[in-house]
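This briefing looks at the pairing of charged side chains, and it is arranged by topic so that each pair can be followed in the model as it is read.

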Amino acid sequence: MNRERQLAQAFLALSDTYAAEFDPLHLFHSLVHACHDLLDVDAAAVMIADARGGLRTMASTDEDAAFAELLQLQNGHGPCMDSYRIGEPVSVPDIAAERERRPELATVMTEVGYDSLQAIPMRLQERPLGALTLLRRRPGRLNDDDVHLAQALADSAALALMHWSTEPARSDDVITRVQSVIASKATLEIAKGMIAQYADTTIADASQLLTTYAKQRRLRLTETVQALVHRDMNPAAVVEAKPRT
């Protein structure tokens, strides 16, 4: 598939909020994977702000614990938080040059093999909701075209988040809808842990099993994880949902 078709599919996926199976968790999953597939980056994650202004990870292309630690370091400070606060992209073209200013981030990025980072604000009109983190395994600034495309993808996802309802959106619905998605993400993390323990597997594999189960049965991921956490569904049903090869 050529790049133009990939772009068209990515924006369609992020804007199709009226589909019966639309799920805000899937929206963030689509956003980070579109960034990974379309931009000159090696990993992507999206974080949105909770009611206290802290950033929560909603989706990432890497479920590894070390990668999660890298994202966690940006909760109180770091390029992602800076981008969220000022509502503008923040570039770290060479993390080795940031050791004095950001020693913890530099250490963890080096350990997991990333050399540069680009943060992109996720905005609803001019209001920042969170930020994208884009990582590369080589130093250098992300080119301007990719920065603009990442911003367009992030803004499209923010707009879709507001339009995700049959009810007309009001300006003060932003906080309510963001907090609702954060709660759904917390439920997803509990469900991943349940599946990982039941199947004696990794969190990454548990995540894949949950996504596959919901997709095969055309269910919203939010409905699946709620049923699991509320003991309305047996973990065995999810574990048996092997990805198709």
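Asp 146 has a relative accessible area of 6% and is therefore buried. The model is predicted, and the structure it describes holds 12 salt bridges, among them the one that Asp 146 makes with Arg 3. Side chains of opposite charge can pair when their charged atoms come close.

**A pair between two helices**
- The side chains of Arg 3 and Asp 146 meet in a salt bridge with an N to O distance of 3.8 Å.
- Because Arg 3 belongs to helix α1 (residues 3-15) and Asp 146 to helix α6 (residues 144-163), this pair ties together parts that lie 143 residues apart in sequence.
- Whereas Asp 146 is buried, Arg 3 counts as partly exposed, at 36% relative accessibility.

**A pair within one helix**
- Glu 189 and Lys 192 form a salt bridge in which the closest N and O atoms are 3.1 Å apart.
- Both residues lie in helix α7 (residues 173-199), and because they are 3 residues apart there, about one helical turn separates them.
- Lys 192 is buried, with a relative accessible area of 3%, while Glu 189 is partly exposed at 33%.

**A further pair and a network**
- Arg 220 forms a salt bridge with Glu 223, and the closest N and O atoms of this pair are 3.2 Å apart.
- Glu 223 is partly exposed, with a relative accessible area of 39%, and Arg 220 also counts as partly exposed, at 26% relative accessibility.
- Elsewhere, Asp 40, Asp 42, Arg 136 and Arg 138 are joined into one network by salt bridges that share partners.

How values were computed
Residues numbered from 1 in each chain as written. Predicted model: local features only at pLDDT ≥ 70, side-chain atom pairs only at ≥ 80, totals over all residues. Heavy atoms only, no water. Salt bridge = Lys/Arg side-chain N within 4 Å of Asp/Glu carboxyl O. Helix = DSSP H or I, 4+ residues; strand = E, 2+ residues; numbered from the N terminus. Buried < 20%, exposed > 50% of the residue type's maximum accessible area, 1.4 Å probe, protein only.
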